[in-house]
Amino acid sequence: RGIELTEAGRRLREDAQQVLDAAEQALSHAQSAARGVSGRIRLGFATSAVFHAQIAMTLRDYRSRYPQVELAPHESDSPSLVEAVHDGRLDAAFLRLPVETGELQLEKMVDEPMRVVLPVGHRLASCDQIDLAELAGEPLILSPRWTGPALYDAILDTFRQAGIEPLLGQESPQVPTCANMVAGGFGISLVPESICQVRSEGVSYHAIKGLSPQLGIALATRRNPLAPTLRNLILRVRAEHQRHEAAGLAAD
């Protein structure tokens, strides 16, 4: 003769269906998180490294593969980023090498040469390559050492290897603003090649004659175990490093 749900039964069925749907959604979210296709990465960037094209390419590739992973960027100086990754306030950070990282794990990404920054009208502004010995006695603009010890020391060592003691001039708040101070007539500077895309009016960029120092960029994370989202990011960094190395060999 048939069976029909009571009003209470219909309400129970609706609520039960919602519970089943929520459980299925929770399971799907958990499976996505386990594969690293969803989640959140708090990602730091050293100020002088954020301009490098390889970082932009790597992050664009990562986001296209894992669009449900939120990347929360944070820009600061390298020592502060190392401390933040150690403390767990950041999950990972792109740093300049060499850098004191303690127990952090580093995934090398790319090396880049340095370039001389000269003001317009400088006696060497027409030269494609410059011997650093020709810059003896000219004020050298650098950002404070505490903001990037590796970059600061590498620049001083580069001058000393050329046989001259650099004349330290006024400091720039950050590496990218060194070019602006050069344009203002405060002196000359050395910057990573990727900074050359900051096309400040009144300056020119030049290769260093002879062996130019190479500055590395690496992704720093805490050691295992790593979240699946971070493992996937490391794989993309590793793939970009291999692609860059292969391109360099092909060019040679």
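Biologist: How many residues has the largest nonpolar core, and which have the most contacts inside it?

Modeller: This is a predicted model, so read every value as computed from it. In soluble globular proteins, nonpolar side chains tend to be buried together. Here the largest nonpolar core has 33 residues. Those with the most contacts inside it are Val116, Leu135, Ile155, Phe159, Leu190 and Tyr205.

Biologist: Which elements give two or more residues to this core?

Modeller: Two helices and three strands are listed: H4 (149–161), H5 (178–183), E4 (105–119), E8 (189–192) and E9 (203–208). Helix H4 gives the most, with six residues.

Biologist: What does Val116 touch?

Modeller: Leave out residues up to four places away in sequence. Val116 then touches Ile130, Leu132, Leu135, Ser189, Leu190, Ser204, Tyr205, His206 and Ile208.

Biologist: What lies apart from the largest core?

Modeller: Another core, of 31 residues. Among them are Ile41, Leu59, Leu81 and Val85.

Biologist: Now the rings. How many aromatic pairs does a search of the whole structure find?

Modeller: Read a pair by two values: the distance between ring centres and the angle between planes. The search finds two pairs. In one, the centres of Phe45 and Phe94 are 5.7 Å apart. Their planes meet at 25 degrees, so this pair is stacked; the cut-off for stacking is under 30 degrees.

Biologist: Where in the chain are Phe45 and Phe94?

Modeller: Phe45 is in strand E1 (residues 38–46) and Phe94 in strand E3 (residues 92–97). They are 49 residues apart, so the pair links distant parts of the chain.

Biologist: Is Phe45 buried or exposed? And Phe94, buried or exposed?

Modeller: Buried means under 20% relative accessible area. Phe45 has 9%, so it counts as buried. Phe94 has 0% and is buried too.

The other pair is Tyr62 with Tyr66. Their ring centres are 5.0 Å apart, with planes at 45 degrees, so this pair is tilted. Tyr62 is buried, at 0%. Tyr66 counts as buried at 16%.

Biologist: Last, the cysteines. How many disulfides does the structure hold?

Modeller: Check the distance between sulfurs; a disulfide needs them within 2.5 Å. The structure holds zero disulfides.

Biologist: Why is Cys178 without a bond to Cys196?

Modeller: Cys196 has the closest cysteine sulfur to that of Cys178, but the gap is 12 Å, too far for a bond. Cys196 is in no disulfide either.

Biologist: What is the relative accessible area of Cys178, and of Cys196?

Modeller: Cys178 has 2% and is buried. Cys196 has 11% and is buried as well.

Terms used
Residues are numbered from 1 along each chain as its sequence is written. This is a predicted model: local features need pLDDT of at least 70, side-chain atom pairs count only at pLDDT 80 or more; totals for chains, interfaces and linings use all residues. Side-chain values use heavy atoms; hydrogens and water are left out. Rings of Phe, Tyr and Trp (its six-membered ring) pair if their centres lie within 6.5 Å; planes under 30 degrees apart count as stacked, over 60 as edge-to-face and the rest as tilted. Helices (H or I, at least four residues) and strands (E, at least two) are DSSP runs, numbered from the N terminus. Buried means under 20% relative accessible area, exposed over 50%, partly exposed in between (1.4 Å probe, protein chains only). A nonpolar core is a set of buried Ala, Val, Leu, Ile, Met, Phe, Trp, Tyr and Cys residues joined through side-chain atoms within 4.5 Å. Contact means heavy atoms within 4.5 Å.
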